[in-house]
There are 2 protein chains.
Amino acid sequence: MAEVKIVEVGLRDGLQNEPAMLSAELKRELISRLAEAGVKHLEVTSFVHPKWIPQLSDADLVASNLPDLPVTYRALVPNRQGLERALKTGVDEYAVFMSASDTHNRKNINKSMKETLPVLKEVVDLAHQEGKRIRGYVSTVFGCPYEGEVPVKTVAWLCEHLLQMGVYEISLGDTIGVAAPQEVKQKLNELLTVLPASRLAGHFHDTRGTGLANAYVCLEAGVHTLDTSFGGLGGCPYAPGAAGNLATEDLVYMLERSGVKTGIDLNRLCETSLYVQKHLNKPLPSKFLKSYAAERKKQKEGQ
Amino acid sequence: MAEVKIVEVGLRDGLQNEPAMLSAELKRELISRLAEAGVKHLEVTSFVHPKWIPQLSDADLVASNLPDLPVTYRALVPNRQGLERALKTGVDEYAVFMSASDTHNRKNINKSMKETLPVLKEVVDLAHQEGKRIRGYVSTVFGCPYEGEVPVKTVAWLCEHLLQMGVYEISLGDTIGVAAPQEVKQKLNELLTVLPASRLAGHFHDTRGTGLANAYVCLEAGVHTLDTSFGGLGGCPYAPGAAGNLATEDLVYMLERSGVKTGIDLNRLCETSLYVQKHLNKPLPSKFLKSYAAERKKQKEGQ
């Protein structure tokens with residue numbers, strides 16, 4: 001486990017589930033602070049229609065004012081129109097998304113999985129024409145809120161299509177945070193018979209507390225790219241009040257404790273999470289963050 | 001992974017770190033509710049000197065009024081005096097404890113590890129004379145708040161002594177919640193060269209969010225007994241405000257999702273945690289519980 005790539009998705013996947021609106025100025029400040037903490041891969045926003053996700057309706061502004069820092073900036077694009085907006089900004093690379101279950105895909109994109117593939121191909125082709133890399137997200141890999149169990153064969157079929165299309169990496173999403181490590185291990189083993197581990201990423205939500213265990217299983221299986229959000233920012237649209245994405249802090253702690261250098265300064269990362277927590281006016285769910293905040297408070301009281 | 005033994009330690013290890021005092025009557029109610037939810041192994045209190053842990057100063061009362069239910073009741077006993085008190089109550093079995101680091105052991109017991117062993121032997125012998133089983137707890141297995149790293153050889157040496165003494169099981173405690181799964185795997189592998197997996201249990205604190213991943217690693221290594229607390233009750237005396245023991249809910253969810261029948265009804269367990277949460281007047285840290293509470297609230301609002 002020499003190297004692990006951590007993709008910070010808090011500003012996109014995290015914020016899109018937060019009701020308290022943050023200004024584009026504050027988002028820029030957060031981007032700077034995350035970069036200063038050592039984050040190298042940062043998904044900053046989503047170019048979906050502004051009406052869909054009001055929190056990210058400032059995508060053009062945010063993505064046009066990115067600080068000049070040694071960070072790879074990425075934005076989500078749902079379709080050609082989204083990519084065309086994104087291409088006018090300073091974002092380095094893009095990502096397309098779809099679900100591994102038809103019902104979830106229809107609710108999100110209003111198309112079946114099969115109908116979605118050509119739409120994404122058009123986006124991927126255009127990104128490549130512009131010399132840009134593009135990632136793929138597959139949602140509901142470990143369960144769908146409407147259909148329940150999602151066959152691993154469907155996931156494999158979808159991933160093969162996306163790789164053929166030219167996405168450089170596929171992030172396997174446990175969108176509703178139901179996965180347990182035993183099934184992640186089993187499903188990854190099946191997927192890895194047809195897909196290379198180096199092209200996969202794990203994207204877990206900590207809705208039921210299994211996020212870090214699932215990430216551990218990914219690492220053991222050779223999948224060394226993981227998506228996380230600082231402070232565990234985010235939530236679940238199907239269970240408002242539940243925890244969000246796997247927290248960057250919790251993953252970084254696990255890795256550093258295991259001798260894997262992440263390049264991320266946990267103290268600075270926690271300070272950034274405490275900073276956004278103040279603006280969101282709610283405690284963020286990362287357990288490492290809570291422990292950090294408790295120790296900091298104790299130290300201050302002892303002074 | 002056919003069977004997993006879950007030892008509910010919330011009423012002892014959990015409550016001993018909670019400042020809000022609960023009555024003996026309420027504790028009896030919690031015991032009944034936990035048993036009704038399907039908990040089979042329940043540590044109910046500790047017979048340490050009443051001054052040490054005010055929350056458990058009602059040990060004699062609690063342990064003398066245990067509901068007649070199909071549950072194995074256990075109490076912690078620090079020494080001969082503690083066991084003599086416990087023997088007058090309705091508790092089925094006992095547990096002794098010590099640390100795997102001298103400094104932590106001295107701070108807790110005022111003795112070196114070597115000096116502690118004969119004290120524990122006396123307790124184990126007396127329990128056996130009374131026809132009672134006795135468990136051993138080893139604290140600071142994965143790190144000591146005073147000494148830092150704890151050599152796995154010291155842990156192995158201690159466990160061998162405790163097993164020779166006749167304890168039927170040893171619970172390996174990550175007392176300050178620092179362990180990461182990679183090191184748990186490595187240390188267990190070393191310990192299992194000299195100790196049988198069937199005599200070991202994993203006892204994790206979720207201070208930094210790694211509890212469930214560590215439990216998963218135990219199961220993979222063949223250690224199928226795990227200590228948890230309902231709702232994730234508890235805390236860390238070294239970081240007040242941090243999370244407590246690994247939550248029973250989170251473990252049960254992971255197991256049931258993986259096809260392991262625990263016999264525990266997650267809904268009833270969560271209702272019990274929400275009930276104690278009201279009395280403690282603070283949110284409990286279990287992420288599964290938060291997700292359950294969020295869904296319940298959503299359903300109620302939808303009615």
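Visitor: Which residue of chain A comes closest to the rotation axis?

Guide: Ala213(A), with its C-alpha at 2.0 Å. This is a predicted model, in which local features need pLDDT of at least 70, side-chain atom pairs count only at pLDDT 80 or more, and totals for chains, interfaces and linings use all residues. Residues are numbered from 1 along each chain as its sequence is written, chains are lettered from A and ligands numbered from 1 in the order in which they are written, and side-chain values use heavy atoms, with hydrogens and water left out.

Visitor: What makes the two copies related as by a two-fold rotation axis?

Guide: Copies are superposed by least squares on the C-alpha atoms of residues with pLDDT of at least 70 in both. Chain A falls on chain B after a rotation of 180 degrees with 0.0 Å of shift along the axis, at RMSD 0.0 Å. The two copies are thus related as by a two-fold axis. The same surface serves both, since 100% of the contact residues of chain A recur in chain B.

Visitor: How many residues of each chain are in contact?

Guide: Contact means heavy atoms within 4.5 Å. By that rule 40 residues of chain A touch 40 residues of chain B. Buried area is the accessible area (1.4 Å probe) that two parts lose on being put together, summed over both; here it is about 3,300 Å², 56% of it on carbon and sulfur atoms. Gln182(A), Arg208(A) and Lys287(A) supply 22% of the area that chain A buries against chain B, more than any other three residues.

Visitor: Why is the pair Lys185(A) and Glu220(B) called a salt bridge?

Guide: The term requires a side-chain nitrogen of Lys or Arg within 4 Å of a carboxyl oxygen of Asp or Glu. The closest N and O atoms of Lys185(A) and Glu220(B) are 2.8 Å apart, so the pair meets the rule. Lys185(B) and Glu220(A) pair likewise, at 2.8 Å, and this pair crosses from helix α8 of chain B to helix α9 of chain A. The rule finds eight salt bridges across the interface.

Visitor: Which elements give two or more residues to the side of chain A that touches chain B?

Guide: Helices (H or I, at least four residues) and strands (E, at least two) are DSSP runs, numbered from the N terminus. The elements are α8 (181-191), α9 (211-221), α10 (248-257) and α12 (287-302) of chain A. The largest share, seven residues, comes from α12(A).
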